[in-house]
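Colleague: Please take one helix of this model and go through it closely, residue by residue where that helps. I would like to know what it packs against and how its ends are connected.

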Amino acid sequence: MAKRKRRNHSPLFKSKVALAALKGDKTVAELSSQFEVHPNQITDWKRQLQENAANVFGEKHEKEKEPDVQRMQAKIGQLALENDFLENALIKAGLLSAKR
């Protein structure tokens, strides 16, 4: 028996299957044959949807938080120092024109 290639399902597909399972119109076995997904996978997606449904209307996600300005400014300063050092080293080595 040949192994089936591992499939990666999109979030849109997962949500579609999970919502169909939540509706309860069809059994998990029927949904499994309809969407060609293992019944255990449908049950997992349904559980994940139920557990995380409150996050849709909840607080901001991690991505939406404001950036750490102080940390970013420190990184910019570090990179500026490194650029100046490398520019001076290249000028002394004769690999870069001093007229920049």
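**A close look at helix H2**

Modeller: Ser32 has a relative accessibility of 14% and therefore counts as buried, the limit being under 20%. The model is a predicted one. Ser32 belongs to helix H2, which runs over residues 28-35. Leaving out residues up to four places away in sequence, Ser32 touches Val37, His38, Pro39 and Ile42.

Ser32 shares its burial with other residues of the helix: Leu31, Ser32 and Phe35 are the buried residues of H2. Looking down the axis of H2, these residues fall within an arc of 105 degrees, so they line one face of the helix. On the face turned away from the buried side, H2 carries the exposed residues Ala29 and Ser33. The cover over the buried residues of H2 includes helix H1 (11-23) and helix H3 (39-56).

The packing against H3 can be described in detail. The axes of H2 and H3 come within 9 Å and cross at roughly 105 degrees. H2 is therefore roughly perpendicular to H3, since angles of 65 to 115 degrees are classed that way. On the H2 side the contact involves Val28, Leu31 and Ser32, and on the H3 side Pro39, Ile42 and Thr43. Pro39 and Ile42 of H3 are also among the residues touched by Ser32.

Two of the buried residues of H2, Leu31 and Phe35, belong to the largest nonpolar core. That core has 9 residues, the others being Val17, Ala18, Ala20, Ala21, Val37, Ile42 and Trp45. H1, H2 and H3 each supply at least two of its residues, and H1 gives the most, with 4.

H1 and H3 also meet each other. Their axes come within 8 Å and cross at roughly 90 degrees, so H1 is roughly perpendicular to H3. From H1, Phe13, Lys14, Val17, Ala18, Leu19, Ala21 and Leu22 take part, facing Ile42, Trp45, Lys46, Leu49 and Gln50 from H3. Ile42 therefore has a place in both pairings, since Ile42 meets H1 and also meets H2; by its burial and side-chain links Ile42 counts in the core as well. Trp45, another core residue, is in contact with His9, Phe13, Lys14, Val17, Ala18 and Val37, its neighbours within four places in sequence left aside.

As for the connections of H2, Lys26 lies in the loop between H1 and H2. Lys26 has 41% relative accessibility and so counts as partly exposed. Beyond four places in sequence, Lys26 touches Leu31 and Gln34. Of these two contacts of Lys26, Leu31 is one of the buried residues of H2.

After H2 comes Glu36, placed in the loop between H2 and H3. The phi of Glu36 is near 55 degrees, a positive value in a residue other than glycine. With 51% relative accessibility, Glu36 counts as exposed, because the class begins at over 50%.

H4 offers a parallel at its own end: Gly94 follows H4 and has a positive phi, near 80 degrees. H4 itself covers residues 69-93. Its 25 residues reach 36 Å from first C-alpha to last, close to the 36 Å expected.

How values were computed. Residues are numbered from 1 along each chain as its sequence is written. This is a predicted model: local features need pLDDT of at least 70, side-chain atom pairs count only at pLDDT 80 or more; totals for chains, interfaces and linings use all residues. Side-chain values use heavy atoms; hydrogens and water are left out. Buried means under 20% relative accessible area, exposed over 50%, partly exposed in between (1.4 Å probe, protein chains only). Contact means heavy atoms within 4.5 Å. The arc is that of the directions from the helix axis to the C-beta atoms. The expected span of a helix is 1.5 Å times one less than its number of residues. A nonpolar core is a set of buried Ala, Val, Leu, Ile, Met, Phe, Trp, Tyr and Cys residues joined through side-chain atoms within 4.5 Å. Axes are lines fitted to C-alpha atoms, for helices over the stretch in contact, and angles run from 0 to 180 degrees between N-to-C directions. Angles under 35 degrees count as roughly parallel, over 145 as roughly antiparallel, 65 to 115 as roughly perpendicular and the rest as oblique.
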